[in-house]
Each structure stands twice: as structure tokens, then as C-alpha cells.
Amino acid sequence: LRILKETNIIETAASDIAPHFQSRLREFEDHPIVGQVRGKGMFAALELVRDKSSRERLAPESEGAVFCRDTANHNGLMVRQTGDAMITAPPLVCSKEEIDILVDKLGIALDETASHYGIK
């Protein structure tokens, strides 16, 4: 608790890192397999879809999100999959540069997933 108070980790995350994180994730709103980006603070979810207008699932049984998760994990990014959504919650001690790396790696996983499912 002393370290949290002395270093202002929570305040810095809330005022600086989390807004950057949420802003960077909004870049995926135009990605062909991202139906929705949801998030608050240092927590976010990206819903994966085959068709944005109908919100059709990318693949049955959440296979698309599992593929995306496994691809991200293979490329050094730890994310979770819940249903058809990719979940990420970086630690409060992240820097903006580390958030940028996370988002870039997530983008690669999304691109590879779209390609795997034949979506351009």
C-alpha cells in the first residue's frame, strides 16, 4: 500500500495510461472482424464477428476467438477469450509504450484471424 501511495500508480493509470489504452483500442472499431470494442479503464473486450452489420459470429463454438487468442499468445501477447470476445486487462504499471506494443500485437492477431477465416 505504501508503494501504491508513494508512486501514484493508480492515479497515473487512471489519468494517463488508461485513456491511452482505450484510445488505441478504438482503432480496432474499423477492423473487419471487430463488431464492437468495449472497455473502461484498464479493461477491454473486442467482440469478433464475420459480418459487422448482422453481427454474425466469426465461427461456431467461439472457434474464431480461440484462434485469435492462440495466435496472440503465440506472438507473445497474453489475452483471454470469452465466448466470441477477446479480453485484455494490462497491469496498472504499464507504460504507454507497452500499451502500444500490446495493441500492435493484438492487431497482428486480428489480421491473422481475419485472413484465416477469409475475411479481408
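These exercises work through helix packing and strand pairing in a predicted model.

**Exercise 1. Describe how helix α3 packs on helix α4.**

Step 1. Locate the two helices. Helix α3 covers residues 63–74, and helix α4 covers residues 96–116.

Step 2. Choose the descriptors. Two packed helices are described by the angle between their axes and the distance between the axes.

Step 3. Read off the values. The angle is about 135 degrees, and the axes lie 9 Å apart.

Step 4. Classify the angle. Angles over 145 degrees count as roughly antiparallel, 65 to 115 as roughly perpendicular, and the rest above 35 as oblique. At about 135 degrees, α3 is therefore oblique to α4.

Step 5. Add the handedness. The crossing of α3 with α4 is right-handed.

**Exercise 2. Which residues of α3 and α4 meet, and how do they divide by character?**

Step 1. Take the α3 side. Gly64, Phe67, Cys68, Thr71 and Ala72 make the contact.

Step 2. Take the α4 side. The partners are Ala109, Leu110, Glu112, Thr113 and His116.

Step 3. Sort the contact residues. They comprise 5 nonpolar, 4 polar and 1 charged.

**Exercise 3. Which strands pair with β2, and in which direction do they run?**

Step 1. Start with β1. Strand β1 (residues 34–40) is joined to β2 (residues 43–51) by 6 bridges, and the two run antiparallel. Within this pair, Val34 stands opposite Leu48. Arg38 faces Ala45 in β2.

Step 2. Move to β5. Strand β5 (residues 85–88) shares 4 bridges with β2, again antiparallel. Here Glu47 stands opposite Ala85.

Step 3. Finish with β3. Strand β3 (residues 56–57) is linked to β2 by 2 bridges, in antiparallel fashion. Val49 has Arg57 as its bridge partner.

Step 4. Collect the result. β2 pairs antiparallel with β1, with β5 and with β3.

**Exercise 4. Which residues take a positive phi in the hairpins that involve β2?**

Step 1. Examine the hairpin of β1 and β2. It has 2 residues between the strands. Gly41 takes a positive phi near 60 degrees.

Step 2. Examine the hairpin of β2 and β3. Here 4 residues lie between the strands. Arg55, in the turn, has a positive phi of about 60 degrees.

Step 3. State the solution. The residues are Gly41 and Arg55.

Technical notes:
Residues numbered from 1 in each chain as written. Predicted model: local features only at pLDDT ≥ 70, side-chain atom pairs only at ≥ 80, totals over all residues. Heavy atoms only, no water. Axes fitted to C-alpha atoms, helices over the stretch in contact; angles between N-to-C directions. Left-handed = near helix turned anticlockwise from the far one by under 90°. Contact = heavy atoms within 4.5 Å. Nonpolar A, V, L, I, M, F, W, Y, C, P; charged D, E, K, R; others polar. Pairing = 2+ DSSP bridges.
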